[in-house]
Amino acid sequence: MPDDSQLHPLPVMHHPLAFDMIDAVLHAPQMNPGAYNHFALAPMSGALGAEITGIDLGDLSDAAMAEIERALTNHLVLAFRGQDLAPADQIAFARRLGPVEPWPYAKPMDGFPELTELISGPVDINNFGGSWHTDSSTFDQPPAYTTLYCVSCPPVGGDTSWANQYLAWETLSPEMREALRGMRLLHSVARSFGDHSRSKGSADVTTTPVSVPPEHEDLENLHPVARTHPVTGRTALYVNAGFSSNFEGRSETESRPLMAALMAHGATPEFTCRLRWQPGTLVVWDNRCTVHYAHNDYRGQPRVMRRAVVTGERPF
Ligand code: SIN
């Protein structure tokens, strides 16, 4: 790690938020969702997310799938209500979006290497995914999409929130965007699952045991802070509390203030939507332009989810 004193200082966010909260924000497709022939779509907030009804994900024509992909590009998070999906159905749906990869940090479901069961038991204290993050940003090619299916959930609590990182980027000041362009962040397994991390702690107290295989212990990757979405061409802020460690060439100590300010900015309430789960809801989200947060407010209640992720490209 270089001596910080020899480098130019990192940009400082003088205001805790880099944009003025009286400025209204809007993600345009939320107000004008357009027409869909194969399902009904109801936007979840002004920022992102849509609930979808009237379609069976276990029986999808190519035309219906094309509409789902259009809706996903527009709304970033889709929640399909009233599904009845066997493990193989969920994997088959995820495969329509791209190659499905096993997640190496937890034992897969018996007979389904691509599926991870995320189980919160009645005695769990921590939960899985309880920090703002985008999935596996430590990977060289982090997952483009995550599918999460609710098998059972508490009667109240255990919601998930997402935040639109296009809006996070676009509401930074022009000076901050200029300073961040070309900068890269290190995303590291040691930070996320290392001895002092929250996830390591949670491994001891959640029903789904998370453990890092030896070949992943030193895994880290540098990714751009300003990420270009390969489909829309738009820029999204790509920094997250779960995995981001430090700016390229800077120590963790020097990186922390700017990283913390960017993460707080990325989770601004106006950029978010929040989903109340029901058994039979399947959500698919785009990890390239969102962060998400699993709410840990259902102590004593079981919650069972099944997750399959779709391989993405190397961030650019
Ligand atoms: C995750 O972070 O992938 C899981 C989120 C959730 O269980 O709500």
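Modeller: A polar contact here is a pair of N or O atoms within 3.5 Å; within protein, one must be able to donate a hydrogen and the other to accept it, and residues adjacent in sequence count only if both atoms are side-chain atoms. This is a predicted model, in which local features need pLDDT of at least 70 and side-chain atom pairs count only at pLDDT 80 or more, while totals for chains, interfaces and linings use all residues. Residues are numbered from 1 along each chain as its sequence is written, and side-chain values use heavy atoms, with hydrogens and water left out.

Colleague: What makes the pair between Thr 160 and the ligand a polar contact?

Modeller: An N or O atom in the side chain of Thr 160 is 2.6 Å from an oxygen atom of the ligand, so the pair meets the limit of within 3.5 Å. For His 292, the side-chain N or O atom is 3.1 Å from a ligand oxygen, and a polar side-chain atom of Arg 307 also lies 3.1 Å from an oxygen atom of the ligand.

Colleague: How much of the ligand's accessible area does the protein cover?

Modeller: The protein covers 100% of the 260 Å² that the ligand has on its own, with areas from the Shrake-Rupley method and a 1.4 Å probe.

Colleague: Why are strands E8 and E16 called paired?

Modeller: Five bridges join E8 (residues 160-164) to E16, and the two run antiparallel; pairing asks for at least two bridges found by DSSP, so these strands pair. One of the bridge partners is Thr 290 in E16, opposite Asn 164.

Technical notes
Helix = DSSP H or I, 4+ residues; strand = E, 2+ residues; numbered from the N terminus.
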